[in-house]
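The questions below go through helix packing, a buried acid and some salt bridges. Each is answered in a few sentences.

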Amino acid sequence: MSSPAVSPISPAMQAHHGKPLRGLMSTPASPVFQGRFGRMFRSLPAAKYGATDADSRMALTKLGEFMTSSFDAPKDGNDEEESGIPALYTYFGQFIDHDITFDPMTTLIKHSDPNALTDFRTPAFDLDNVYGRGPDDQPYMYDNGPKFLLGEALANGAPDLPRNNANPNRALIGDPRNDENSIVSQLQGLMLRFHNRFVDEHPSLDFPSVQRMVRFHYQWVVLHDFLPRIVSSTVLDALKTGGRFDPDRLRFFHWKNEPFLPVEFSVAAYRLGHSMIRPGYRLNDDDTTLLPIFPIPPNTIKEIPAGLPEGLTGFRKMAKNRGIDWGRLIDTDIRSYGTDKATDATTKKRLQFAYRIDTSLVTPLSVLPPSVAHDPPPSLPQRNLIRSFELGLPSGQNVARAMRVKELTDEEIIIGKAVDDPDNTGADPDQRGTVASLKELRPFKSNCPLWTYILAEAFTSRRPMEIPVTEKKTINTPQLGAVGGRIVAEVFLGLMFGDNDSYLRQYPEWHPTLVNKGDFLLKDLVKYALGQ
């Protein structure tokens with residue numbers, strides 16, 4: 001890849017990223033416009049799903065059960081639930097989330113005011129989950145200079161994250177959550193290597209200048225690669241003027257002094273990635289690396305009483321055999337789509353794709369380990385739903401009306417898998433039914449929780465995606481629509497336009513410099529980090 005022409009950053013440009021994390025500053029916030037978290041639709045009432053709070057929580061618990069799929073073992077081979085989005089985008093989405101949000105203070109047992117919540121992560125795409133507070137304040141993350149420390153080599157030669165000597169060994173990184181699982185942990189490692197290579201190739205640049213260029217490339221991937229994969233093009237086109245994103249097109253995300261994180265985004269719309277998680281991931285040729293994202297404890301899932309003792313759980317030294325062959329998660333090269341025979345060589349090496357955005361979450365997410373879920377319930381769908389209730393989120397239908405878009409009918413809110421030809425017969429149907437048809441879901445008639453509504457909306461917003469494989473193959477891929485897509489896109493753009501240090505504010509004409517031609521995508525970021 002070609003080397004960019006980069007100028008050092010002036011002291012004025014450094015000011016924003018030199019100040020303390022915004023969440024750590026005890027500054028007043030407007031109760032009308034923003035806290036560190038706040039509301040996008042401030043006038044809408046909080047949704048309730050029963051006569052009492054206990055009734056609402058019980059109804060949401062039942063909905064969470066319906067949104068959990070039956071057990072499907074990790075496997076190689078074609079899968080009708082796959083989308084056209086390579087699997088790494090799921091964890092790039094998690095990485096983005098950790099870049100812009102962190103709220104360790106709320107629980108699932110009491111109502112919370114989002115205006116009183118603190119985001120301990122700067123609400124900007126500034127990679128503070130990578131850089132932390134910089135080499136002067138956190139020198140233990142750096143190699144006595146502008147480069148990051150890297151950890152011990154794995155079996156494939158790739159470095160683990162740098163770690164301390166505790167038991168278990170904890171990662172020395174800008175955000176400890178980026179060691180939650182084996183995939184996001186190694187993605188964090190790629191970001192460290194991306195920065196280090198940029199330092200090596202640009203020895204005349206000071207640390208802030210390198211940091212700026214790394215951030216710009218990352219921001220470009222967020223806006224021009226990640227966002228178009230998860231959000232309908234119709235939604236994105238409505239936010240452009242003359243083919244470019246336009247801040248004047250933001251209709252719903254407004255702030256007074258500086259951007260904040262709307263709870264409609266952080267607690268509902270941006271939780272789309274949970275539905276994209278697969279039952280399992282193969283990391284490399286070693287068959288023992290075909291694992292669920294989290295283990296399944298014994299006696300929790302009836303189909304497998306013994307459970308699955310091993311998962312891709314992190315927060316510990318990376319197992320030597322878990323070095324990722326990145327072509328299995330992102331199209332760093334072009335491979336065969338494979339077959340439905342797990343023993344075929346092409347099938348074992350195939351590019352795995354994220355699951356479709358829908359109202360069905362895989363089984364391991366219903367029994368989260370204590371390292372991830374410290375308090376009950378252990379079910380991620382139930383946690384999401386109860387958290388949205390405690391934070392007083394409005395219903396999906398109320399948000400749709402506020403946005404002046406056609407709301408989904410109860411018949412259109414399907415609970416289950418967004419596969420092309422659903423088999424809804426027998427005891428284990430692909431789709432459990434609709435809010436209209438399931439008597440257990442009566443509390444949600446014309447009153448659907450925003451998160452569930454946004455996932456159901458993706459059923460109605462599908463587009464065929466040609467996937468990067470040697471065969472000609474197209475997959476119908478659900479994307480966020482008029483409500484969910486608009487919330488996510490406006491927040492992404494608002495954070496960029498509201499950050500004086502983003503490329504959209506500093507150099508709106510800027511284009512990635514690490515490519516000789518064409519666009520700069522997530523696969524290019526990965527390849528640059530790998531030295532390709």
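**Packing and charges in a predicted model**

α6 and α13 are roughly antiparallel to each other in this predicted model.

Q: At what angle do helix α6 and helix α13 pack?
A: The axes of α6 (residues 207-230) and α13 (residues 484-497) are 11 Å apart. Angles over 145 degrees count as roughly antiparallel, and α6 and α13 therefore fall in that class. Their packing angle is about 175°.

Q: How many charged residues does the contact of α6 with α13 have?
A: From α6 the contact takes residues including Val222, Leu223 and Phe226, and α13 supplies Phe492 and Leu493 among them. By class, ten are nonpolar and one is polar. The number of charged residues is none.

Q: Is Gln219 buried or exposed?
A: Gln219 lies in helix α6 and is one of the residues that meet α13. Beyond four places in sequence, Gln219 touches Phe125, Met496, Ser502 and Tyr503. Buried means under 20% relative accessible area. With a relative accessibility of 1%, Gln219 is therefore buried.

Q: How are α3 and α5 oriented to each other?
A: The axes of α3 (residues 88-100) and α5 (residues 182-201) come within 10 Å and cross at roughly 70°. Angles of 65 to 115 degrees form one class. The two helices, α3 and α5, are therefore roughly perpendicular.

Q: Which side chain of opposite charge is nearest to Asp410?
A: Asp410 sits in the loop between α11 and β9. This residue is buried yet has no salt bridge. A salt bridge needs a nitrogen within 4 Å of a carboxyl oxygen, whereas the nearest side chain of opposite charge is 6.1 Å from Asp410. That side chain belongs to Lys445.

Q: Which residue forms a salt bridge with Lys75 at 3.1 Å?
A: Lys75 is partly exposed at 30% relative accessibility. One salt bridge of Lys75 is with Asp72, where the closest N and O atoms are 3.0 Å apart. The 3.1 Å salt bridge joins Lys75 to a residue with a relative accessible area of 10%, which is buried. That residue is Asp79.

Q: Which residues are joined into one network with Arg328 and Asp325?
A: Arg328 and Asp325 form a salt bridge, with the closest N and O atoms 2.6 Å apart. Arg328 is buried at 1% relative accessibility, while Asp325 is partly exposed at 23%. Through shared partners, salt bridges join these two with Asp285, Asp333, Arg335 and Lys349.

Note on methods: Residues are numbered from 1 along each chain as its sequence is written. This is a predicted model: local features need pLDDT of at least 70, side-chain atom pairs count only at pLDDT 80 or more; totals for chains, interfaces and linings use all residues. Side-chain values use heavy atoms; hydrogens and water are left out. Axes are lines fitted to C-alpha atoms, for helices over the stretch in contact, and angles run from 0 to 180 degrees between N-to-C directions. Helices (H or I, at least four residues) and strands (E, at least two) are DSSP runs, numbered from the N terminus. Angles under 35 degrees count as roughly parallel, over 145 as roughly antiparallel, 65 to 115 as roughly perpendicular and the rest as oblique. Contact means heavy atoms within 4.5 Å. Ala, Val, Leu, Ile, Met, Phe, Trp, Tyr, Cys and Pro count as nonpolar, Asp, Glu, Lys and Arg as charged, and the others, Gly among them, as polar. Buried means under 20% relative accessible area, exposed over 50%, partly exposed in between (1.4 Å probe, protein chains only). Lys and Arg count as positive and Asp and Glu as negative; His and the chain ends are not counted.
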